[in-house]
Amino acid sequence: MSVEESVEAKRLVLAANEDFYEAFRSGDHQAMRKVWSERAPVACAHPGMQALSGRASVLESWRQILHQSSPLRLRCQGAVAHLFGEFAFVTCLEADGDEPAHLCATNIFILEDSQWKMVHHHVGPLSTPKPERRAPAGSRLMN
């Protein structure tokens, strides 16, 4: 894979990762269903809960979470994609609203029908919340 192809593949993985978080923020169960693989085995470990296996169990857990009375303003910080052919994982921090990040997530994707689909989401608490780094006014951060 060329450097350009790798960069584009990582961009698409990060876009799929953002689709997951957008489905979560909007409380859209149909969008959440589209994020997850339809053919590969899937699993999910929500914070403080036992790991779930199988598409039906995972999607039912999301249905319950997304239909809570008070939606989360969940945001993903510092997402980094790691690519291995038709498999990729994203590591990131999660924060709610204006609060500092308090969770660490790993999201695993596979290439299915030319689209990156989630096969695993695992979140756990950070030992201490981590505020988002913000650039001082008038400066530019390069990464």
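Buried means under 20% relative accessible area, exposed over 50%, and partly exposed in between (1.4 Å probe, protein chains only). The model is predicted: local features need pLDDT of at least 70, side-chain atom pairs count only at pLDDT 80 or more, and totals for chains, interfaces and linings use all residues. Residues are numbered from 1 along each chain as its sequence is written, and side-chain values use heavy atoms, with hydrogens and water left out.

**Exercise 1.** Classify S114 and D113 by backbone angle and by exposure.

Solution.
- Start with S114: phi is near 65°, a positive value in a residue other than glycine.
- S114 has a relative accessible area of 69%, so S114 is exposed.
- Turn to D113: phi is near 55°, also positive and also not in a glycine.
- D113 has a relative accessible area of 57%, so D113 is exposed.
- Place them: D113 lies in the loop between β5 (101-112) and β6, and S114 is in the loop between β5 and β6.
- For context, most residues other than glycine have a negative phi.

**Exercise 2.** Find the charge partner status of E94.

Solution.
- Locate E94 in strand β4 (residues 87-96); strands are DSSP runs of E, at least two residues, numbered from the N terminus.
- E94 is buried and has no salt bridge (a side-chain nitrogen of Lys or Arg within 4 Å of a carboxyl oxygen of Asp or Glu).
- The nearest side chain of opposite charge is R25, 9.1 Å away.
- List contacts (heavy atoms within 4.5 Å): beyond four places in sequence, they include Y21, R75, H102 and H121.

Note on methods. Lys, Arg positive; Asp, Glu negative; His and termini not counted. Helix = DSSP H or I, 4+ residues; strand = E, 2+ residues; numbered from the N terminus.
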